[in-house]
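Subject: Structure for your review

Hello,

Here is the structure we discussed, with its sequence. My notes on what was found follow below it.

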Amino acid sequence: MARTRTPVVNGWFTGSAEDGGFRLLGTRCSACTAVFFPREDAYCRNPHCRGGGELVEVPLSPRGRVWSYTDGRYRPPAPYVSDPAAPWEPYTLVAVELEAEGMVVLGQAAPGVGVADLAVGMEVEVVGGVLGEDAGTVWTTWHFRPVGGTE
């Protein structure tokens with residue numbers, strides 16, 4: 001039986017780890033050029049926007065620089081998949097300032113990347129990852145890894 005690959009949150013990213021075209025998706029306001037992630041489809045969240053613009057989907061920068069990072073030593077809440085019977089393994093959270101947009105996006109580090117592997121200002125890239133899986137479904141998400149790293 002083939003397992004389906006399902007994004008944890010639809011519309012937040014595109015591409016796959018396999019095709020190398022993985023990108024986070026945001027929206028840009030045509031009136032003020034502000035970019036939002038997560039995406040915004042109802043109205044411009046910029047309080048200084050004059051209004052009247054369209055919100056257009058845009059792929060975000062595939063690279064950025066580590067702004068901050070920490071380790072997570074607790075089971076995360078939903079929508080993260082966490083089997084309470086499985087042994088718990090800490091994970092690494094990374095706040096990344098995206099190259100072109102200058103906005104900070106939070107995500108997990110790629111598997112095998114820990115706090116000892118990161119430094120503020122280090123260049124990282126967004127890659128597709130697996131958040132959880134069962135017999136019929138693989139839930140996909142995004143991870144950050146150091147440029148030149150492997151996943």
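**Overall layout**

Read from the N terminus, the elements of the protein chain run β-β-β-β-β-β-β-β-β-β. That gives 10 strands and zero helices. Please keep in mind that this is a predicted model. Of the chain's 151 residues, 36% count as buried. Among contacts with a separation of 6 or more, 55% are between residues 24 or more positions apart. The exposed surface of the protein chain comes to about 8700 Å², and carbon and sulfur atoms supply 52% of that area.

**Strand β9 and its partners**

Strand β9 covers residues 123-133. Eight of its 11 residues are buried, so β9 is mostly covered, with buried meaning under 20% relative accessible area. β9 pairs with β10 in the antiparallel sense over nine bridges, and these two strands form a hairpin with three residues between them. Within this pairing, Gly132 stands opposite Trp139 in β10. β9 also pairs with β6, again in the antiparallel sense, over three bridges. There, Arg65 stands opposite Glu123 of β9.

**Nonpolar cores**

In soluble globular proteins, nonpolar side chains tend to be buried together. Here the largest nonpolar core has 21 residues. Leu24, Phe37, Leu60, Val94, Val105, Trp142 and Phe144 have the most contacts inside it. Four elements give two or more residues to this core: β7 (91-98), β8 (104-109), β9 and β10. The largest share, three residues, comes from β7.

Which residues does Val105 touch, not counting those up to four places away in sequence? They are Leu24, Phe37, Val94, Ala95, Val96, Leu98, Trp142 and Phe144. A second, separate core has six residues, including Cys29, Ala34, Phe36 and Cys44.

**Aromatic pairs**

A search of the whole structure finds six aromatic pairs. The one formed by Phe37 and Trp142 is edge-to-face, because the ring planes stand at 80° with the centres 5.6 Å apart; the cut-off for edge-to-face is over 60 degrees. This pair links distant parts of the chain, 105 residues apart. Phe37 lies in the loop between β4 (35-36) and β5 (55-59), while Trp142 belongs to strand β10 (residues 137-146). Phe37 and Trp142 are both buried. Both also belong to a cluster in which ring pairs link Trp12, Phe13, Phe22, Phe37 and Trp142.

**Salt bridges**

How many salt bridges does a search of the whole structure find? It finds seven. One of them involves Asp41 and Arg39, whose side chains meet at 3.0 Å, N to O. Asp41 counts as exposed because its relative accessible area is 55%, and the cut-off for exposed is over 50%.

Arg63 takes part in two of the bridges described here. With Glu123, the closest N and O atoms are 3.6 Å apart. Glu123 is in strand β9 and Arg63 in strand β6 (residues 63-72), so this pair links parts of the chain 60 residues apart. With Glu125, the closest N and O atoms are 3.9 Å apart. Glu125 likewise lies in strand β9, so its pair with Arg63 ties together parts that are 62 residues apart in sequence.

Are these residues buried or exposed? Glu123 counts as partly exposed, at 25% relative accessibility. Arg63 is partly exposed too, with a relative accessible area of 32%. Glu125 is buried, because its relative accessible area of 14% is under the 20% cut-off. Salt bridges that share partners join Arg63, Glu123, Glu125 and Arg145 into one network.

**Where to look**

When you open the model, two places bring several of these points together. One is the pair of Phe37 and Trp142, which belongs to the ring cluster and whose members are among the residues with the most contacts inside the largest core. The other is Arg63 in β6, with its bridges to Glu123 and Glu125 in β9.

Regards

How values were computed:
Residues are numbered from 1 along each chain as its sequence is written. This is a predicted model: local features need pLDDT of at least 70, side-chain atom pairs count only at pLDDT 80 or more; totals for chains, interfaces and linings use all residues. Side-chain values use heavy atoms; hydrogens and water are left out. Rings of Phe, Tyr and Trp (its six-membered ring) pair if their centres lie within 6.5 Å; planes under 30 degrees apart count as stacked, over 60 as edge-to-face and the rest as tilted. Buried means under 20% relative accessible area, exposed over 50%, partly exposed in between (1.4 Å probe, protein chains only). A nonpolar core is a set of buried Ala, Val, Leu, Ile, Met, Phe, Trp, Tyr and Cys residues joined through side-chain atoms within 4.5 Å. Contact means heavy atoms within 4.5 Å. A salt bridge is a side-chain nitrogen of Lys or Arg within 4 Å of a carboxyl oxygen of Asp or Glu. Two strands pair if DSSP finds at least two bridges between them. Accessible areas come from the Shrake-Rupley method with a 1.4 Å probe; for residues, only the protein chains shown count as cover.
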